[in-house]
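Biologist: I'd like to learn how to read a structure like this one. Can we take it feature by feature?

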Amino acid sequence: MPASPCFTAIAAVTWAGYSGLIGYLGGAAFESNSTLGLAVGLGLALSITALGELVRYVLRRRRAATAAG
C-alpha cells in the first residue's frame with residue numbers, strides 16, 4: 001500500500017523532532033563527559049541489535065522444530 005504524501009510528511013517531521021530531542025537531551029546529559037555519552041549510545045545500540053538478533057534466532061529455531069515434526 002503506497003503511503004500518501006501527507007503521511008510521509010508527518011512521519012518525516014515526527015522523526016526529525018524526536019531525533020533532535022534525543023540529541024538535545026543527550027548533549028545536556030553528557031555535556032561534561034562526551035566519551036561517556038558515546039559509550040552509552042553505542043552500548044544501547046549494540047544491546048538493542050543483540051536482542052533483535054536473539055529474537056530472530058529463537059523464532060527461526062522454533063519454526064524449524066515445528067516444521068520437522
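Biologist: Let's start with a side chain and the backbone. Which backbone oxygen lies 2.9 Å from a polar atom of the side chain of Ser 19?

Modeller: That of Trp 15. Keep in mind that this is a predicted model. Ser 19 sits in helix α1, which covers residues 5-29. With 29% relative accessibility, Ser 19 counts as partly exposed, because that class lies between the 20% and 50% limits.

Biologist: How many helices and strands does the chain have?

Modeller: Two helices and zero strands. The second, α2, takes in residues 34-68.

Biologist: How do I judge whether the chain is spread out or compact?

Modeller: Compare the radius of gyration with the globule rule. Here the radius is 19 Å, and the rule gives 11 Å for 69 residues. The value is well over the rule, so the chain is more spread out than a compact globule. The C-alpha trace spans about 55 × 40 × 10 Å along its principal axes. One pair gives a sense of scale: Val 58 and Leu 25 are 33 residues apart in sequence and 35 Å apart in space, C-alpha to C-alpha.

Biologist: What share of the residues is buried?

Modeller: Buried residues make up 1% of the 69. The chain exposes about 6100 Å². Carbon and sulfur atoms supply 72% of that area.

Biologist: Now the second helix. How does the reach of α2 compare with the expected span?

Modeller: Count the residues, then check the end-to-end distance. α2 has 35 residues and reaches 51 Å from its first C-alpha to its last. That is close to the 51 Å expected at 1.5 Å a residue. After α2 comes Gly 69, with a positive phi near 150°.

Biologist: Next, charges. Which side chains meet in a salt bridge?

Modeller: First the idea: side chains of opposite charge can pair when their charged atoms come close. In this structure there is one salt bridge. It joins the side chains of Glu 53 and Arg 56, at 3.4 Å from N to O. The two residues are three apart in helix α2, so about one helical turn separates them. Glu 53 is partly exposed, at 41% relative accessibility.

Biologist: And which residues form the nonpolar patch on the surface?

Modeller: Leu 51, Leu 54, Val 55, Tyr 57, Val 58 and Leu 59. Together they have about 530 Å² of accessible area.

Biologist: Take two of them. Is Leu 51 buried or exposed?

Modeller: Exposed, because its relative accessible area of 54% is over the 50% limit. Leu 51 is found in helix α2. Val 58 also has its place in α2. Val 58 is partly exposed, with a relative accessible area of 36%.

Note on methods
Residues are numbered from 1 along each chain as its sequence is written. This is a predicted model: local features need pLDDT of at least 70, side-chain atom pairs count only at pLDDT 80 or more; totals for chains, interfaces and linings use all residues. Side-chain values use heavy atoms; hydrogens and water are left out. Patches are made of residues with over 30% relative accessible area and no salt bridge: like charges are joined within 9 Å, nonpolar side chains (Val, Leu, Ile, Met, Phe, Trp, Tyr) within 5 Å. Accessible areas come from the Shrake-Rupley method with a 1.4 Å probe; for residues, only the protein chains shown count as cover. A salt bridge is a side-chain nitrogen of Lys or Arg within 4 Å of a carboxyl oxygen of Asp or Glu. Helices (H or I, at least four residues) and strands (E, at least two) are DSSP runs, numbered from the N terminus. Buried means under 20% relative accessible area, exposed over 50%, partly exposed in between (1.4 Å probe, protein chains only). The expected span of a helix is 1.5 Å times one less than its number of residues. The radius of gyration is taken over C-alpha atoms; the globule rule is 2.2 Å times the number of residues to the power 0.38. A polar contact is a pair of N or O atoms within 3.5 Å; within protein, one must be able to donate a hydrogen and the other to accept it, and residues adjacent in sequence count only if both atoms are side-chain atoms.
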